[in-house]
Amino acid sequence: MTLVGRDLVSVFDLSNGEIEAIFALADEMAQHVRSKLDIAGGKLMATIFYEPSTRTRLSFEAAMLRLGGDVLSCPEVTSTSVAKGETVADTVRIIESYADVIVMRHPLEGSARVAADYASVPVINAGDGAHEHPTQTLLDLYTIRQEKGRIEGVWVALVGDLKHARTAHSLAYGLARFGAKIACVAPQGLELPREITDRIRERYNAVTYEYRSLDEMVADPELVRSRKVADPEEQLELTSNAISLFDALYVTRVQRERFTAAEQFEAARNSYAITADMLSRARPDALVMHPLPRVDELHYDIDADPRAAYFRQAAYGLPIRMALVAAMLGLREIKVRRGADEPERRPAKKTTVDHVTCSNPRCVTTQERYLPALFEPVGATGRKLRCVYCERITKVSQEASA
Ligand code: NCD
């Protein structure tokens with residue numbers, strides 16, 4: 001099994017075995033983050049970013065340079081023909097003749113799939129609107145593996161704006177696939193989208209506990225009961241303090257740029273934060289994770305606490321991206337263990353339905369008009385359609401589905 005010639009748009013484009021093999025290669029790459037490995041001579045990576053980025057773009061570029069390759073960097077698309085109205089499909093068909101791999105970030109959901117469909121070179125999704133951010137998930141899972149020794153059975157609380165945070169979406173899938181336990185703590189209206197929790201439950205039989213606030217979570221006896229521990233004293237301790245259930249708190253900022261109403265953002269912005277006081281009740285070996293940038297949701301006075309893992313987490317992005325790029329460009333082989341699962345392939349059955357368009361206003365198909373509204377039917381009724389680009393569900397009436 002090889003990653004050569006494949007795209008990475010969603011975490012579902014990789015199997016668990018392939019993810020583990022990327023981790024093993026990242027262990028090797030970690031030796032080379034301060035030197036030049038020189039295996040990518042003559043190869044070019046184009047990074048095209050339609051949204052701001054610090055870590056993702058710079059760590060991809062650093063990864064390529066450390067591998068010995070070169071980079072065409074486009075951090076600001078307003079200086080390109082995009083400002084003249086060039087579409088994603090055309091932009092990538094131009095870049096493919098200059099570069100061997102394209103790393104793209106774009107504000108529209110599903111845009112990365114469009115890029116992958118049109119480009120003849122591999123495309124890596126560096127974040128497409130509020131949809132997914134699969135390489136962030138690779139480094140998030142790698143952080144947990146490095147710092148907790150395993151992912152299976154680890155208890156993770158996803159905290160924050162889970163509706164818009166693409167990092168939380170990809171991570172929720174990743175955690176479920178590796179058998180972690182997930183709790184979601186999100187202010188009202190910013191919960192993890194139903195289609196994500198449904199997909200997780202249906203495919204992986206994983207329950208997601210859901211709370212409006214950390215206080216609500218801390219007071220839930222049901223949550224405490226569900227974590228069985230061998231030591232009765234530890235159980236007693238948990239009963240009075242559910243935050244100590246968690247091996248990792250994964251916090252996200254309120255995604256200001258995705259709100260349509262300023263009042264909604266204002267209502268949400270200060271509704272949660274991890275403080276030193278809260279951390280004093282967490283496990284001594286817990287991790288506080290965050291994809292960064294933080295705004296107000298992580299107090300600076302926790303930075304010196306060894307449990308604050310977010311800067312280490314960002315640093316893991318470099319060996320992970322070196323490993324991914326090396327594997328995708330065929331510079332290093334990945335060794336997928338025997339008997340590992342297959343990646344979940346793209347939908348086999350794609351359909352158009354007369355007069356039905358994707359119901360997600362942030363879907364790339366609503367803005368880039370050359371794209372057909374393509375769906376994958378979900379369930380037996382034919383009334384639920386998953387957009388093959390943004391993956392949001394559109395429900396159709398009986399007549400339309402007939
Ligand atoms: C995240 C993103 O862009 O989704 N940043 C990142 O890539 N590390 C998180 C965020 O912007 O909140």
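Helices (H or I, at least four residues) and strands (E, at least two) are taken here as DSSP runs, numbered from the N terminus. The structure is a predicted model, in which local features need pLDDT of at least 70 and side-chain atom pairs count only at pLDDT 80 or more, while totals for chains, interfaces and linings use all residues. Residues are numbered from 1 along each chain as its sequence is written, and side-chain values use heavy atoms, with hydrogens and water left out.

The shell around the ligand, counting residues with a heavy atom within 4 Å of it, includes R55, T56, R105, R166, R253 and P293. Helix 2 (55-66) and helix 6 (166-177) each contribute at least two residues to this shell, and at least three come from each of domain 1 (11-133 + 314-328) and domain 2 (135-313), whose bounds come from an automatic or database domain assignment.

Three side chains place a polar atom beside a ligand oxygen, as tabulated below for polar contacts (pairs of N or O atoms within 3.5 Å).

| Residue | Distance from polar side-chain atom to ligand oxygen |
|---|---|
| T56 | 2.8 Å |
| R105 | 3.1 Å |
| R253 | 2.7 Å |

Of the 310 Å² of accessible area that the ligand has on its own, the protein covers 94%, with areas from the Shrake-Rupley method and a 1.4 Å probe.

Among the shell residues, L292 and P293 are joined by a cis peptide bond with omega near 10 degrees, and P293 belongs to the loop between strand 9 (287-289) and helix 13 (310-328). D38, although not a glycine, has a positive phi of about 60 degrees, and is found in the loop between helix 1 (16-29) and strand 1 (44-49).

Key:
Polar contact = N/O pair within 3.5 Å; in protein donor to acceptor, adjacent residues only side chain to side chain.
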